[in-house]
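Here's a quick briefing to read alongside the sequence and the 3D view. It goes through some strands first and then turns to the ligand.

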Amino acid sequence: MDLGIAGKWALVCAASKGLGRGCAQALVQEGVNVVINARGAEALEATAAQLRTLAAEWAAAGAGRAAPLVIAVAADITAEAGREAVLAAPGGPGRDFDILVNNAGGPPPGDFRDWNREAWVKALDANMLTPIALIQALVDGMAARGFGRIVNITSSSVKAPIDILGLSNGARSGLTGFVAGIARSPLAARGVTINNLLPGKFDTDRIASTIAAAASKTGKPEAEIRASQQKQIPAGRFGTPDEFGAICAFLCSRQAAYLTGQNILPDGGSYPGTF
Ligand code: NAP
């Protein structure tokens, strides 16, 4: 299926690895120009180089097609200066992005009794206020041009909270409530859709580090913990960043114009509810 978004500009935050990278890759494979971001320059540049190869392949597969551009900006997206750097990326579209994929690292697990105001402000900054700031910066331009797609990467913990991830449950639920309101505002009639993607367990560095932490805490081998977690998922495995990216690209498509204000849950069937 041609998603009808070739030539558009996407900002994909926190995209040198994992789910953000999967989204950037799927968009490039649809001919979308991307600005990608992460803090670590080395991994980001390596990802940008791989995406440029895919961009060239996409162009070569269709006569007369120009390869989509891939621009990398090493910056902390949770800091105002980082967001400004991304929005002013040389060669980028300035604030005229058509697609915004909001993402950042997740807050650490822990016992809620230990979290002070600083821990909460950090979680809220990363997983609620940063996506809101980027939506504020870009959404009116999208509406003025009559096309916009915003996808917020949140977590299955918004629907099925995980006790040790209280910082994530709280901050992401705040974002979800905010998005539920603005997605249904007059923006909807001006071609802008805003949806959330709630990952269950996907095979990324983050999952690998949580498995490693569980192994050192319990003394069990990592392979055993991985296998036992996968056994609890009806699909019997973790998802892949490619699968996640494909869903994100569809949410950004022309075909998905009537889908807004939704919380989409790719989790291999883990969530046990009917609705
Ligand atoms: P990951 O594999 O660890 O990748 C995280 C990416 O985000 C890296 O590129 C990292 O690069 C970048 N990043 C982190 N903090 C950043 C910041 N402040 N500014 C800019 N870039 C930043 O993680 P992931 O598994 O893809 O997870 C992505 C998000 O989904 C997280 O919020 C996570 O909590 C959530 N999530 C993931 C899963 C899962 O199963 N994987 C499940 C539920 C929710 P740098 O470190 O170089 O900045």
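**Strands and ligand at a glance**

Strands β5 (residues 148–153) and β6 run parallel and are joined by 6 bridges. Keep in mind that this is a predicted model. As for the ligand, 29 residues surround it, and the protein buries 89% of the 890 Å² that the ligand exposes when taken alone.

**β6 and its partners**

- Strand β6 covers residues 192–197, and 6 of its 6 residues are buried.
- Flip β6 over and you still find cover: Val 192, Ile 194 and Asn 196 are buried on one side, and Thr 193, Asn 195 and Leu 197 are buried on the other.
- To find the β5 pairing by eye, look for Arg 149, which sits opposite Thr 193 of β6.
- Getting from β5 to β6, the chain passes through helix α5 (residues 166–183), and this β-α-β crossover is right-handed.
- β6 also pairs with strand β7 (residues 263–264), in the parallel sense and over 2 bridges.
- For that pairing, the spot to check is Asn 196, with Asn 263 of β7 opposite.

**β5 and its link to β4**

- β5 is largely enclosed by the rest of the structure, because 6 of its 6 residues are buried.
- Gly 148, Ile 150 and Asn 152 point one way from β5, while Arg 149, Val 151 and Ile 153 point the other way; all of them are buried.
- Strand β4 (residues 99–102) runs parallel to β5, with 4 bridges between them.
- Leu 100 has Ile 150 in β5 as its bridge partner.
- Helix α4 (residues 117–145) carries the chain across from β4 to β5, in a β-α-β crossover that is right-handed.

**Around the ligand**

- Which residues come closest to the ligand? They are Ser 16, Leu 19, Ala 104, Phe 202 and Thr 204.
- The shell is a mix by class: 12 polar, 10 nonpolar and 7 charged residues.
- α1 (18–28), β2 (33–38) and α6 (205–218) each put at least two residues into that shell, and α6 gives the most, with 3 residues.

**Backbone contacts to ligand oxygen**

- A polar backbone atom of Phe 202 is 2.7 Å from an oxygen atom of the ligand.
- For Gly 200, a backbone N or O atom lies 3.1 Å from a ligand oxygen atom.
- Asp 205 has a polar backbone atom 3.5 Å from an oxygen atom of the ligand.

Methods
Residues are numbered from 1 along each chain as its sequence is written. This is a predicted model: local features need pLDDT of at least 70, side-chain atom pairs count only at pLDDT 80 or more; totals for chains, interfaces and linings use all residues. Side-chain values use heavy atoms; hydrogens and water are left out. A residue is near a molecule or strand if one of its heavy atoms lies within 4 Å of it. A polar contact is a pair of N or O atoms within 3.5 Å; within protein, one must be able to donate a hydrogen and the other to accept it, and residues adjacent in sequence count only if both atoms are side-chain atoms. Accessible areas come from the Shrake-Rupley method with a 1.4 Å probe; for residues, only the protein chains shown count as cover. Ala, Val, Leu, Ile, Met, Phe, Trp, Tyr, Cys and Pro count as nonpolar, Asp, Glu, Lys and Arg as charged, and the others, Gly among them, as polar. Buried means under 20% relative accessible area, exposed over 50%, partly exposed in between (1.4 Å probe, protein chains only). Two strands pair if DSSP finds at least two bridges between them. A crossover is right-handed if, with the strands pointing away from the viewer, the path from the first strand over the helix to the second runs clockwise.
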